[in-house]
Amino acid sequence: DPEADQRPLHELLTVRGDPDGRININTARFETLEALGEALDGELAMADVVIRERESEPFRDMEDARNRGVYSPRDQADEGRATPIATRSYVFKVIGDGVAGDVAVRIESHVYRGQQGGPGNLRVLDWRVTR
């Protein structure tokens with residue numbers, strides 16, 4: 001709908017995310033959380049709960065998310081499905097602007113951070129100059 005105030009899909013989705021397709025509830029945008037809640041149980045309020053809860057403190061793990069009322073899945077193991085949410089990410093989009101004289105550039109990249117964290121565990125997956 002060209003009249004609707006909606007973000008384009010490329011701003012909400014990426015091929016560089018979790019290999020199992022999980023969505024990090026600590027960093028996902030409201031629109032993504034809203035769609036996830038609707039897909040899980042038709043639970044439109046999930047996005048509001050996640051945003052409110054993570055503002056006070058990020059979710060430490062899945063048990064923390066369940067205890068704080070964000071996600072109470074049906075028995076995923078019996079259904080043969082993986083949990084669709086996560087509380088950690090390892091791939092990040094980094095945007096940097098630089099100016100040298102009259103030349104201004106913006107570089108966008110995807111960076112993988114190993115589970116140990118720290119500067120020695122970073123790897124650039126791709127990058128491009130966007131302006």
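Two residues are taken to be in contact when heavy atoms lie within 4.5 Å of each other. In the predicted model described here, this criterion places Thr87 against Asn24, Ile25, Asn26, Phe59, Arg60, Asp61 and Met62, with residues up to four places away in sequence left out of the count. Thr87 itself lies in a loop, which joins strand E2 (85-86) to strand E3 (91-100). Because its relative accessibility is 10%, and residues under 20% are classed as buried, Thr87 counts as buried.

The surroundings of this loop belong to a protein with four helices and five strands. Along the sequence, the elements follow the pattern β-α-α-α-α-β-β-β-β. Of the 131 residues, 27% count as buried. When contacts between residues at least 6 apart in sequence are considered, 36% of them join residues at least 24 apart.

Three of the strands form an open sheet, arranged in the order E3-E4-E5 with antiparallel pairing. The edge positions are held by E3 and by strand E5 (122-129), each of which pairs on one side only. On average, neighbouring strands of this sheet are turned by 25° against each other when direction is ignored. Within the sheet, E3 and strand E4 (residues 103-113) are paired in the antiparallel sense over 10 bridges. Gly96 is placed opposite Ile107, a residue of E4.

Ile107 also contributes to the surface of the model. Together with Val124, Trp127 and Val129, Ile107 makes a nonpolar surface patch of about 410 Å². Strand E5 gives the most to this patch, supplying three residues. Val129 is found in E5 and has a relative accessible area of 48%. Since residues count as exposed only over 50% and as buried only under 20%, Val129 is classed as partly exposed. Thr87, at 10%, falls in the buried class instead. For the protein as a whole, the exposed area is about 9,400 Å², of which carbon and sulfur atoms supply 49%.

In summary, the model contains a buried loop residue, Thr87, in contact with residues including Asn24 and Phe59. It also contains an open antiparallel sheet of three strands, and a nonpolar surface patch to which E5 gives the most.

Terms used
Residues are numbered from 1 along each chain as its sequence is written. This is a predicted model: local features need pLDDT of at least 70, side-chain atom pairs count only at pLDDT 80 or more; totals for chains, interfaces and linings use all residues. Side-chain values use heavy atoms; hydrogens and water are left out. Helices (H or I, at least four residues) and strands (E, at least two) are DSSP runs, numbered from the N terminus. Buried means under 20% relative accessible area, exposed over 50%, partly exposed in between (1.4 Å probe, protein chains only). Two strands pair if DSSP finds at least two bridges between them. Axes are lines fitted to C-alpha atoms, for helices over the stretch in contact, and angles run from 0 to 180 degrees between N-to-C directions. Accessible areas come from the Shrake-Rupley method with a 1.4 Å probe; for residues, only the protein chains shown count as cover. Patches are made of residues with over 30% relative accessible area and no salt bridge: like charges are joined within 9 Å, nonpolar side chains (Val, Leu, Ile, Met, Phe, Trp, Tyr) within 5 Å. A salt bridge is a side-chain nitrogen of Lys or Arg within 4 Å of a carboxyl oxygen of Asp or Glu.
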